[in-house]
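This report takes up the aromatic side chains and the nonpolar cores of one structure.

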Amino acid sequence: MIWKERIDRSNLPTHVAIIMDGNGRWAQERGYNRIYGHQHGVDSVREATEAAAELGIKYLTLYAFSTENWNRPSEEVEALMELLVDTIEKETPTLNKNNVRLRAIGDLARLPRMTKEKFERCMEETSGNTGLNLVLAISYSSRWEITAAVRQIAAEVLSGSLSPEQINEQVVAEHLNTKDIPDPDLLIRTSGEQRISNFLLWQMAYSELFFTDVNWPDFRKEQFYNAIYSYQHRERRYGKTSEQITRFHR
């Protein structure tokens, strides 16, 4: 197990993204329903947020609810929305105390009215904080995001404000939900699954991936430190050779 003291503070990822997986499995293994697992997963959100803030990481994005999750049983969706609202209200004072700014990406228009209003209120109340940016991906999927971006770009071409020749990677990135958020340096996924699940597909082109067998409700600061330590011992080449990277850093 890696402790915080072994982390190199000069080589931190700017942006860490997490797929919080295993809540339902964790609960079922203990004889409870899936909601029980989601409730206990809140403690892990707090642990990961505190660990990121203490290290000085600037962005932490948590995959909280995908567009595909709307297809889950209605009672689970309703419980998740209620849990989200309750957690946001309870944690807002702590976010402000720790200088954490709450942000969101996703199709927030699909959220229940009360959930959306309370979430927007919390984002407003923390908007002046300058420490960690805690980004919740809610009603989000990467294919939805990219499709929406293509639709916006097409509308600009039709209006004459943008020509097809002007469309490049930067233009696409500027039409994504994450237009003012740096791409993730590190993706963590819990519960032993090793897939991306429609999450930040464009943004994770060069992200380092870290998979752990720990289910999300058991995820604690030590597991977060393990992932950061693993990241710090990898060579990020971005398509270059090791020799090129070495010469660049001399």
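## Burial of the paired rings

In this predicted model, W144 is partly exposed, since its relative accessible area is 25%, whereas Y140 counts as buried at 0% relative accessibility. The rings of these residues, Y140 and W144, have centres 6.5 Å apart and planes at 75 degrees, so the pair is edge-to-face, the angle being over 60 degrees. Y140 and W144 also belong, together with Y63 and F199, to one aromatic cluster.

## Aromatic pairs

The structure holds eight aromatic pairs. One of them joins F65 and W70, whose ring centres lie 4.8 Å apart with the planes at 75 degrees, so that this pair is edge-to-face. F65 counts as buried because its relative accessibility is 3%, and W70, at 18%, counts as buried as well.

## Nonpolar cores

The largest nonpolar core has 42 residues, and those with the most contacts inside it are V16, I18, L60, I188, F224 and I228. Among the elements that give two or more residues to this core are the strands β1 (15-19), β2 (59-66), β4 (133-140) and β5 (186-189), and the helices α2 (34-55), α3 (74-97), α4 (113-125) and α7 (221-232); α3 gives the most, with six residues.

Leaving aside neighbours within four places in sequence, V16 is in contact with I57, Y59, L60, T61, L186, I188, F224 and I228. A second, separate core of 13 residues includes Y59, Y63, I105 and V135; of these residues, Y63 is also a member of the aromatic cluster with Y140, W144 and F199.

Key. Residues are numbered from 1 along each chain as its sequence is written. This is a predicted model: local features need pLDDT of at least 70, side-chain atom pairs count only at pLDDT 80 or more; totals for chains, interfaces and linings use all residues. Side-chain values use heavy atoms; hydrogens and water are left out. Rings of Phe, Tyr and Trp (its six-membered ring) pair if their centres lie within 6.5 Å; planes under 30 degrees apart count as stacked, over 60 as edge-to-face and the rest as tilted. Buried means under 20% relative accessible area, exposed over 50%, partly exposed in between (1.4 Å probe, protein chains only). A nonpolar core is a set of buried Ala, Val, Leu, Ile, Met, Phe, Trp, Tyr and Cys residues joined through side-chain atoms within 4.5 Å. Helices (H or I, at least four residues) and strands (E, at least two) are DSSP runs, numbered from the N terminus. Contact means heavy atoms within 4.5 Å.
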